[in-house]
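User: I would like to go through this structure with you. Could we begin with a surface residue and then work outwards to the whole chain?
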Amino acid sequence: MRKVKVALRPIVGRVNLPTVIKTAILPGNSNEGLFIATQPGEIFYISNEEIKTFLDIRQQVIELGGSSGGYDERGLLGLAFHPEFYNNGLFYLHYSVAGTQGPGALSGSFRPDPCDPETLNLKWEKRETKYDHIDTVEEWVVQSNGQPQRHRTLLNLRRPFSNHNGVNSLNFSPETGRLVLTTGDGGSGYDPFNLSQDDMEIAGKIIEIDISKNVFSQNPPSVTRFDEISPSIQETLTVIAKGVRNIPGIAYQRLYNHYIKYAGNVGQDFAESIFSFIHYRPVPVTRLTHASSGRTVTEKEGFINFGWRGWEGAFPTPIIKSCSENSTLDEKTIAFYDEAVKTSVRRLPPLTNYFHQEPRPDKYGGTALTGVQPYMGKSIPELSGSLVFTDLSRAKNNEQPDQGFLAYTRFRPDGILNDFNIIETEYDFGSQSVYYVSLGTNLDQSRMFLGVYGSMKVTDYNQGTVFEIVPV
């Protein structure tokens, strides 16, 4: 892989946190327009250099940043357009619902202690009252007058903590035509209840939803487990993967008669990971629930496992603490030894890793993976056919303001851990901090868009810009 330099062309500025950037063709229109969904709940539409508000659901989204000093991982997190959106006007939203704030599943922060078995075997109890908020996945439709209207609710999900709800969490599979929902592990740190490895938990999974079946209602009950869902809705769901910590969506890249699937896994304190796979066999939720009740035995071949919480990418999940004898060194202890051993063979190795403490001179240490997208365009030939990803902020440099970074890698069919290269960006952000919060493409993946924000706080408004990534 060669070094690549790109430029950033501003498209729109002074927007709130841009969580999703996609294109689609509106019913009755002929142009592919750009849609930008913001975390507080706005969706903007840009066509012919004109920006309009497509939808504003800020009143329906939970109040953000109130108890967390301005930082928040809830909000409007997913937007996907039906493959026949131009004809049927259907699109889908995932957001945290206003008025659903709860006390949370635990008081205080969680950190496992390998010397204390109780910290390794916590259970999420009293779920009906001990939760943080409720996320919803809804189907909307653009009416004949051009106004969007909510059509039906697909799922209501009760979440134990405020963080790890996923971002850019909705997409449509070009293979199955189903809506794909990516869910984080429920939050806190280190997945305290190990929800991501439990087959019956909705948290920490990649799920396909068959939206063609007319079994969804206006207000289904809020659930945390698959066996709490009604049987008719269970029949619409299949599980692609588990072992997810937090995920900036799933992306697809055509390869001959197949599609490569890419999914990132945001790390704890050690490594950021990107996974890729082609062949898989989703497991129907009905088979999982029947197996749980002892009525049948489930087959799990093809069931993808990213390995969390036992594994952080290619490594057993460590607890990192400073060495008191030497301030320049850290001690790294395996957090969940037994789980790392049990999942060592069954897990999917990552395509690539990068680290929070990066010793290699030609790399950056990262903070959090925020976007994973294939690029199939020709205008930047060095990137054509590669996978581009972005990190929120490179490792701290006290001499410079915070700034994210772009990088790229390529698919490997042999399962061997691949390297990556930094993409140099030519744009003067001045002295302000600039966090890279999202990455998007157009319909044929020939153009790429980058969302940045000038603050880590969702309560600091109108500090966002969306750029197109272009040749120098």
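User: Val-341: buried, exposed or partly exposed?
Analyst: Val-341 is partly exposed, because its relative accessible area is 46%, and the class lies between buried (under 20% relative accessible area) and exposed (over 50%), with a 1.4 Å probe and protein chains only. This is a predicted model, in which local features need pLDDT of at least 70 and side-chain atom pairs count only at pLDDT 80 or more, while totals for chains, interfaces and linings use all residues. Residues are numbered from 1 along each chain as its sequence is written, and side-chain values use heavy atoms, leaving out hydrogens and water.

User: Where does Val-341 sit?
Analyst: Val-341 lies in helix H5, residues 337–342. Helices (H or I, at least four residues) and strands (E, at least two) are DSSP runs numbered from the N terminus.

User: Which residues form a nonpolar patch with Val-341?
Analyst: Ile-334 and Tyr-337 join Val-341 in a surface patch with about 290 Å² of accessible area together. Accessible areas come from the Shrake-Rupley method with a 1.4 Å probe, and for residues only the protein chains shown count as cover. Patch residues have over 30% relative accessible area and no salt bridge (a side-chain nitrogen of Lys or Arg within 4 Å of a carboxyl oxygen of Asp or Glu). Nonpolar side chains (Val, Leu, Ile, Met, Phe, Trp, Tyr) are joined within 5 Å, and like charges within 9 Å.

User: And what does Pro-349 touch?
Analyst: Pro-349, in the loop between H5 and strand E24 (352–355), touches Phe-275 and Gly-415, not counting residues up to four places away in sequence. Contact means heavy atoms within 4.5 Å. Pro-349 also lies 9.3 Å from Ile-274, C-alpha to C-alpha, although they are 75 residues apart in sequence.

User: Changing topic, which residues of H4 are buried?
Analyst: In H4 (residues 285–292), these are Val-285, Leu-288 and Thr-289. Seen down the axis of H4, they fall within an arc of 95°, so they line one face of the helix; the arc is that of the directions from the helix axis to the C-beta atoms.

User: What covers them?
Analyst: The cover includes helix H3 (231–234), strand E14 (237–242) and strand E18 (283–284).

User: Lastly, what is the radius of gyration of the chain?
Analyst: The protein chain has 21 Å, which agrees with the value near 23 Å for a compact globule of 472 residues. The radius is taken over C-alpha atoms, and the globule rule is 2.2 Å times the number of residues to the power 0.38. Of the 472 residues, 58% count as buried.
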